[in-house]
Amino acid sequence: MSRLKKYLSSKTSNQQNSAAIAYLAALDHIETVSPTISSSIIQELQDERSHLKLIASENFSSLAVQLAMGNLLTDKYAEGYAHHRFYAGCDNIDSIEETASQELIQLFGCEHAYVQPHSGADANLVALWAILIHKIQNPEIEKFGKKTLDELTPEEYEKIRQLLVNQKLMGMSLNSGGHLTHGYRHNISSKMMRSVLYDVDPKTEILDYSVLAKQVQQERPTILIAGYSAHPRRLNFAKMREIADSVGATLMVDMAHFAGLVAGKVFQGEFDPIPYADIVTSTTHKTLRGPRGGFVLCKQSFSEAINKGCPSVLGGPLPNVMAAKAVAFKEANSLNFKQYSQKIVDNAQSLANCFLQNDIRLVTGGTENHLMILDLSKFGLTGRQAETALREAHITVNRNAIPNDLQGPWYTSGIRLGTAALTTLGMGKDEMNEIASVIFSVLSNSKPGIVQKTGQPSKASVITDSTIINEAKARVKNLLIHFPLYPEIEI
Ligand code: PLP
């Protein structure tokens with residue numbers, strides 16, 4: 001019997017849930033075409049249901065968000081932007097894109113929103129190029145007495161191109177918690193511009209604005225990026241604005257990690273980037289709890305350049321994902337979401353306090369957002385070993401370098417934990433206490449494996465007492481029984 005038939009026959013019509021019916025019907029149908037894929041989807045659901053998700057960059061989107069993404073909208077090309085397309089028949093996509101942008105404008109109180117970027121990395125590329133085009137390219141075209149790029153001679157165009165790739169970008173280093181797209185050497189951001197990185201203070205691990213102000217004075221970047229992937233503190237955007245203004249730099253904020261906390265008004269005043277930044281980029285799938293994707297918010301002066309994300313960086317948008325973004329942004333425009341985002345931070349602080357009480361060092365000594373980074377030196381484990389041991393115990397985290405990490409970015413000396421997903425499940429302080437206790441038990445009963453060839457301790461393999469792992473798994477199971485993921489979908 002199909003999954004849907006089984007579900008319908010086990011429920012009265014009052015008990016049936018429309019999202020569950022849609023989901024089960026979709027799985028049944030996918031199975032007729034590719035049983036491998038339908039079974040991977042089901043297996044992923046089972047894995048997520050049986051593991052505690054503490055990955056700071058992930059969340060659980062709603063079934064409405066997921067269903068808005070899985071439909072015929074994926075078939076449509078819509079290059080351009082709403083009401084300004086290079087394809088016929090885009091009326092409904094116009095309406096979807098406009099709805100998503102309007103929801104964002106209402107949510108963040110920004111002047112302009114662009115919802116096409118497929119991811120956070122794309123959003124950053126769109127933003128960086130929009131700044132370069134608006135600030136460098138367009139005035140240069142005017143200096144040549146021309147109106148558009150197409151009117152330039154090859155020599156004139158080459159002069160502008162050289163100028164574009166010689167602009168300076170400043171972003172937080174990966175070592176301090178910044179993101180690859182903020183000027184990391186192995187990323188295109190440091191190849192299309194000259195990248196200079198800034199660090200947190202080596203002792204406090206917090207950003208020292210007076211040191212940054214001096215560095216910015218020296219370097220005089222065209223673009224200053226504020227934002228991070230692995231830093232547990234708020235940033236003061238009023239100070240960042242002042243620093244950018246001191247050299248006429250454009251301030252770009254990447255709020256990918258904490259967008260949900262800005263949307264939910266947990267980050268307010270000087271910690272809300274919208275009033276201070278020229279351009280704000282974000283992902284949609286972390287604390288904001290939408291589908292995987294990105295967006296750009298900006299002041300009106302940058303809107304024309306941002307709307308030209310296609311052709312400057314992107315090809316066609318993903319209309320199905322824009323629809324899912326619109327649904328998620330509507331969900332975030334609610335009192336419920338405000339309460340949710342405050343709870344994310346409350347949970348992070350509860351979890352952090354438990355670790356501190358057990359004398360585990362946290363980077364910067366605590367957290368003010370949704371994430372924390374544990375320094376594992378107390379346990380004699382690398383991040384990679386801790387990640388493996390915890391996964392065995394059904395707890396999913398990711399390893400993360402700590403500032404000035406001696407183990408490097410592959411093995412690392414830390415793990416990063418975030419509370420957004422577990423807060424979506426409804427967990428609170430009591431559950432955070434229990435989770436901290438399970439993590440402590442697993443880490444304190446794990447030790448490095450031995451490299452057979454050398455007899456030396458390994459940086460990768462780990463040995464954890466099997467009784468401890470079994471006990472941890474039972475405790476995780478006991479927690480998750482009370483906070484089921486997508487309980488409407490009965491599989
Ligand atoms: N910016 C920041 C600050 C991030 O943390 C991330 C991803 O983790 C990105 C950009 C890139 O997002 P995506 O993986 O969607 O490209």
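Tutor: A strand here is a DSSP run of E with at least two residues, and a helix is a run of H or I with at least four. The model is predicted. H83 lies in the loop between β2 (80-81) and β3 (84-85).

Student: What makes β2 (80-81) and β3 (84-85) count as strands?

Tutor: The cut-off is at least two residues. β2 spans 80-81 and β3 spans 84-85, so both meet the cut-off.

Student: What is notable about the phi of H83?

Tutor: The phi is positive, about 65 degrees, although H83 is not a glycine.

Student: Why is the stretch that holds P311 called a helix?

Tutor: P311 sits in α12, residues 309-312. A helix needs at least four residues, so the run 309-312 qualifies.

Student: Is the peptide bond from C310 to P311 cis or trans?

Tutor: The bond is cis, with omega near 20 degrees.

Student: Now the ligand. Which residues come nearest to the ligand?

Tutor: G120, A121, S229, D254 and K286 do, out of 13 residues around the ligand. To count as near, a residue needs a heavy atom within 4 Å.

Student: How do you know that D254 makes a polar contact with the ligand?

Tutor: A ligand nitrogen is 2.6 Å from an N or O atom in the D254 side chain. The cut-off is 3.5 Å, so the pair counts.

Student: What makes the G120 pair a polar contact?

Tutor: Here a ligand oxygen is 2.9 Å from a polar backbone atom of G120. That value is within 3.5 Å, so it passes.

Student: And what about the H257 side chain?

Tutor: An N or O atom of that side chain is 3.4 Å from a ligand oxygen. The limit is 3.5 Å, so this pair counts too. The protein covers 84% of the 390 Å² of accessible area that the ligand has on its own.

Student: Which helix gives the most to the shell around the ligand?

Tutor: Helix α6, residues 120-143, with 3 residues. By class, the shell has 3 nonpolar, 8 polar and 2 charged residues.

Student: Next, the sheets. Why are β4 and β6 called edge strands?

Tutor: The sheet has 7 strands, in the order β4-β10-β9-β8-β7-β5-β6, and is open with mixed pairing. β4 (112-114) and β6 (194-198) each have a single partner strand, so one side of each has no neighbour in the sheet. On average, neighbouring strands there are turned by 20 degrees against each other, direction ignored.

Student: How do you know that β5 and β7 pair?

Tutor: Pairing needs at least two bridges. β5 (168-172) and β7 (223-227) have 2, in the parallel sense, so they qualify. M170 has L224 in β7 as its bridge partner.

Student: What makes β11 a partner of β14?

Tutor: 5 bridges join β11 to β14 (414-418), and the two run antiparallel. At least two are needed, so the pair counts. M372 stands opposite L417 in β14.

Student: Which strands stand at the edges of that sheet?

Tutor: The order is β11-β14-β13 in an open, antiparallel sheet of 3 strands. β11 (371-375) and β13 (398-400) are the edges, each pairing on one side only. The average turn between neighbouring strands is 40 degrees, direction ignored.

Student: Where does UniProt place the domain feature?

Tutor: The unreviewed entry puts "Serine hydroxymethyltransferase-like" at residues 33-132 and 165-439. Residues 33-132 are 55% helix and 9% strand. Residues 165-439 are 37% helix and 16% strand.

Terms used. Residues are numbered from 1 along each chain as its sequence is written. This is a predicted model: local features need pLDDT of at least 70, side-chain atom pairs count only at pLDDT 80 or more; totals for chains, interfaces and linings use all residues. Side-chain values use heavy atoms; hydrogens and water are left out. UniProt positions are given in the numbering used here, feature names are shortened, and annotations may be inferred rather than shown by experiment. A polar contact is a pair of N or O atoms within 3.5 Å; within protein, one must be able to donate a hydrogen and the other to accept it, and residues adjacent in sequence count only if both atoms are side-chain atoms. Accessible areas come from the Shrake-Rupley method with a 1.4 Å probe; for residues, only the protein chains shown count as cover. Ala, Val, Leu, Ile, Met, Phe, Trp, Tyr, Cys and Pro count as nonpolar, Asp, Glu, Lys and Arg as charged, and the others, Gly among them, as polar. Axes are lines fitted to C-alpha atoms, for helices over the stretch in contact, and angles run from 0 to 180 degrees between N-to-C directions.
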